[in-house]
Amino acid sequence: LMAERLNLALSLVPIAFFHQDLDLRYTDVVNPQTHPRRESYIGRLDCDVFSESDAKILTAIKKRVILNRERERHELRIDGSTGERWLDVIIDAEKDESGNVIGVIGAALNVTERRQREQRYRTVLDDQTELIARYRLDGVMVYANEIYCRFFGKRESEIVGSPWQPQAYPDDIPLVEAKIRSLSPDNPVVTIENRVYSASHEVRWMQFVNRALFDSKGRLLEIQSVGRDITDRKRAEIQAE
């Protein structure tokens with residue numbers, strides 16, 4: 001009766017639990033997320049129940065866990081019989097009383113809806129005509145939309161994980177950094193006009209509206225920056241002086 005109640009409770013949450021022996025054959029699965037029937041797994045290998053590419057990734061992770069005896073966590077896209085799923089998967093080595101590894105145990109949380117929301121949000125950002133980027137307080141970029149990448153002539157992979165400063169005109173960096181330091185929960189937005197180097201290495205004037213993103217305790221998490229080219233306006237202002 002207790003086991004039945006536990007299985008019923010687990011069926012109400014989007015989490016699967018599984019166990020595999022040293023040969024990586026499934027010995028138990030509770031609340032499967034990619035195949036609706038528990039019997040689809042028992043006694044089988046990953047290659048028997050998942051696509052070739054998914055099985056290759058899963059098996060490689062589990063073999064590493066057995067070899068290194070260390071837990072691993074990954075967010076994986078899985079093509080199951082019920083359609084595409086994104087799973088937050090934790091896999092750990094199961095050990096006997098002597099400390100010998102006797103299999104793997106794991107849990108998989110269904111995060112498909114979150115990933116779909118993130119993708120829709122990303123699509124909206126990529127469709128904008130303004131340059132949109134996000135970076136941490138230390139200046140390291142965490143996102144750049146397609147327009148931003150094209151303007152600076154770089155791939156997103158070259159931008160994300162790198163500091164924003166190389167794109168900026170050196171003389172303007174102290175001004176930008178001072179404005180960023182002034183951000184606070186009471187002053188969450190600052191507008192900065194500064195020069196940058198475009199993809200053609202031309203110096204262009206940009207206006208960036210920087211919005212700070214804070215957590216519930218007021219700690220700065222990231223800064224989202226929306227920029228537009230104001231070179232023609234700035235040149236006209238300079239000529240009029």
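Two residues are in contact when heavy atoms of one lie within 4.5 Å of heavy atoms of the other. The exercises below apply to a predicted model.

**Exercise 1.** Determine which residues of helix α7 are buried, how they are arranged around the axis, and what covers them.

*Solution.*
1. Helix α7 spans residues 173–181, and its buried residues are I173, V176 and I180.
2. These residues lie on the same side of α7, because the arc they cover around the axis is only 65°.
3. On the face turned away from this buried side, α7 carries the exposed residues P174 and R181.
4. The cover over the buried residues of α7 includes strands β6 (131–135), β8 (189–197), β9 (203–214) and β10 (220–229).
5. For I180, leaving aside residues up to four places away in sequence, the residues touched are Y135, L137, I192, N210 and I223.

**Exercise 2.** Establish the strand order of the open sheet of five strands and identify the strands that stand at the edges.

*Solution.*
1. The order is β7-β6-β10-β9-β8, and the pairing is antiparallel.
2. The edges are formed by β7 (141–144) and β8; each has a single partner strand, so one side of each is left without a neighbour in the sheet.
3. With direction ignored, neighbouring strands of this sheet are turned by 25° against each other on average.
4. Within the sheet, the antiparallel strands β9 and β10 are joined by nine bridges.
5. V209 stands opposite V226, a residue of β10.

**Exercise 3.** Describe how helices α7 and α8 are placed on the strands.

*Solution.*
1. Helix α7 lies across β6, β8, β9 and β10, and runs at about 160° to β8.
2. Helix α8 (residues 231–240) packs on the sheet and touches β8, β9 and β10.
3. The direction of α8 makes about 120° with that of β9.

**Exercise 4.** Characterise the largest nonpolar core and name the elements that supply it.

*Solution.*
1. This core has 24 residues, and those with the most contacts inside it are L131, M141, Y148, W164 and I180.
2. At least two residues each come from β6, β7, α5 (146–152), α7, β8 and β9.
3. The element that gives the most is α5, with five residues.
4. A second, separate core has 21 residues, among them L24, Y26, A55 and V104.

**Exercise 5.** Place these elements in the context of the whole protein chain.

*Solution.*
1. The chain has eight helices and ten strands.
2. Of its 241 residues, 37% are buried, where buried means under 20% relative accessible area.
3. The accessible surface comes to about 14500 Å², and 51% of it belongs to carbon and sulfur atoms.

Terms used:
Residues are numbered from 1 along each chain as its sequence is written. This is a predicted model: local features need pLDDT of at least 70, side-chain atom pairs count only at pLDDT 80 or more; totals for chains, interfaces and linings use all residues. Side-chain values use heavy atoms; hydrogens and water are left out. Buried means under 20% relative accessible area, exposed over 50%, partly exposed in between (1.4 Å probe, protein chains only). Helices (H or I, at least four residues) and strands (E, at least two) are DSSP runs, numbered from the N terminus. The arc is that of the directions from the helix axis to the C-beta atoms. Accessible areas come from the Shrake-Rupley method with a 1.4 Å probe; for residues, only the protein chains shown count as cover. Two strands pair if DSSP finds at least two bridges between them. Axes are lines fitted to C-alpha atoms, for helices over the stretch in contact, and angles run from 0 to 180 degrees between N-to-C directions. A nonpolar core is a set of buried Ala, Val, Leu, Ile, Met, Phe, Trp, Tyr and Cys residues joined through side-chain atoms within 4.5 Å.
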